[in-house]
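Let's take a look at a structure together, one piece at a time. Have the sequence and the 3D view open while you read.

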Amino acid sequence: MISWISRILVPLIISYIVGFGVLSKRPVFDDFLAGAKDGMKTAAELLPVLAGLLTAVGVLRASGLLEAVCSLLSAPAEWLHLPEPLIPLALVRLISNSAATGLALDIFKSYGPDSYLGMAASVMMSSTETVFYCVSIYFGSIHVTKTRYVLPGALIATAAGIGASVFLSKPL
Amino acid sequence: MLNYLWSFMILAGIMWGAANNTLDAVTQSIVDSAGDAVKLCLTMAGIMSFWCGILEIGNRAGLIEWLAEKMGPMLSFLFPDLEKDHPARLPIAVNMVANMLGLGMAATPAGLEAMKLLGGEPGQNRASDAMCTFLIINISSLQLVPVSMIAYRTQYGSGNPAAILGPALIATGCSTLTAVIFCKLVRLWKVVAEK
């Protein structure tokens, strides 16, 4: 069932959107090109960000510090039933999307994207958001300082996403 | 935030490397990782470009507004204190739909607009229930197709990069459902406490 969703979702969304465009009598290929140009620009702008962050994660990994931090966190990881290497990812995910991407790519490199850890990292990145960043831009923009139950709520929802990611990625 | 995090990663890594005699490996990894970043971006560029193009078709054909209109009943369920003609309803719906489609660039301005319209009196610095609900659901992640993760997986040699779509959809559903239940419980608790 899950792999069935995986197989049809992308073709379904693409044909739905293109069909919607054709039915609305839009010049679909012109619209496509306009968007594709933006996408190319986004990818180009990503290059310096990734060069900076992959290097930083590479330094952490090569120096042995990442490993040391992971083994330091092994006790809480075991208690939470989280695999050790996912702990730094889960923590950094709350603060910075691009730094978390760097860590996820490091997991791909060390364990492979199709391994249990690689799957869990991919699903975790896809089902959570940068909690602290979002709260600060949204509430910062309207000068709200009393955030009430937003942080507990957002963190509980994120924990549910992380839990589901780890559970769903377990090899059957 | 990233300024601190990044400088910490670089400096702490190098110091740790100096203390543990791994500086050669550190230098090598800097060269390798920077090269990896270029290869990664080249792979990303194609799929990012294609996906943004597809989304732009939907965007220009009015898909977002059309879907946002369909979301009326769901908004009434999530935000019982917003009247039917409240101006914040449209940007909230646009933000949610754009997030689902992975149009982060369209989602954020609509989200900020929604926050402003939910704002109420100036000088009020306390978040309203509607603001809290909106932000918690927003942060619970709504994205249906994690395009960039699929592209990254391809670059690292995944046999089936799109295999994460199903699990990601379910995990996103879990986190969003948790968010909705949490917000509903807080409101329920407030009603009970007031009695």
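## Where the chains meet

The contact draws on 87 residues of chain A and 88 residues of chain B, where two residues are in contact if their C-beta atoms, placed from the backbone, lie within 7 Å. Keep in mind that this is a predicted model, in which local features need pLDDT of at least 70 and side-chain atom pairs count only at pLDDT 80 or more, while totals for chains, interfaces and linings use all residues. Residues are numbered from 1 along each chain as its sequence is written, and chains are lettered from A and ligands numbered from 1 in the order in which they are written.

Which helix of chain B gives the largest share of the side that touches chain A? That is helix 2 of chain B, with 27 residues. Helices that each supply at least two residues to this side include helix 1 (2–19), helix 2 (23–60) and helix 9 (165–194) of chain B. Helices here are DSSP runs (H or I, at least four residues), as strands are (E, at least two), numbered from the N terminus.

Sorted by class, the side of chain B that touches chain A holds 55 nonpolar, 26 polar and seven charged residues. Ala, Val, Leu, Ile, Met, Phe, Trp, Tyr, Cys and Pro count as nonpolar, Asp, Glu, Lys and Arg as charged, and the others, Gly among them, as polar.

## The two chains side by side

| Chain | Helices and strands | C-alpha box, roughly | Buried residues |
|---|---|---|---|
| Chain A | nine helices, zero strands | 60 × 45 × 35 Å | 45% of 172 residues |
| Chain B | nine helices, zero strands | 65 × 40 × 30 Å | 47% of 195 residues |

A residue is buried if 20 or more other C-beta atoms lie within 10 Å of its own, exposed if 12 or fewer, and partly exposed in between.

## A helix pair in chain A

Now zoom in on helix 5 (residues 86–93) and helix 6 (residues 97–111) of chain A, which pack at an angle of about 160° with their axes 8 Å apart. Axes are lines fitted to C-alpha atoms, for helices over the stretch in contact, and angles run from 0 to 180 degrees between N-to-C directions. Helix 5 and helix 6 of chain A are therefore roughly antiparallel (angles over 145 degrees). Among the residues making this contact are A:Leu89 and A:Val92 of helix 5 of chain A and A:Leu103 and A:Ile107 of helix 6 of chain A. By class, the residues of this contact are eight nonpolar, no polar and one charged.

Technical notes:
Parallel < 35°, antiparallel > 145°, perpendicular 65-115°, else oblique.
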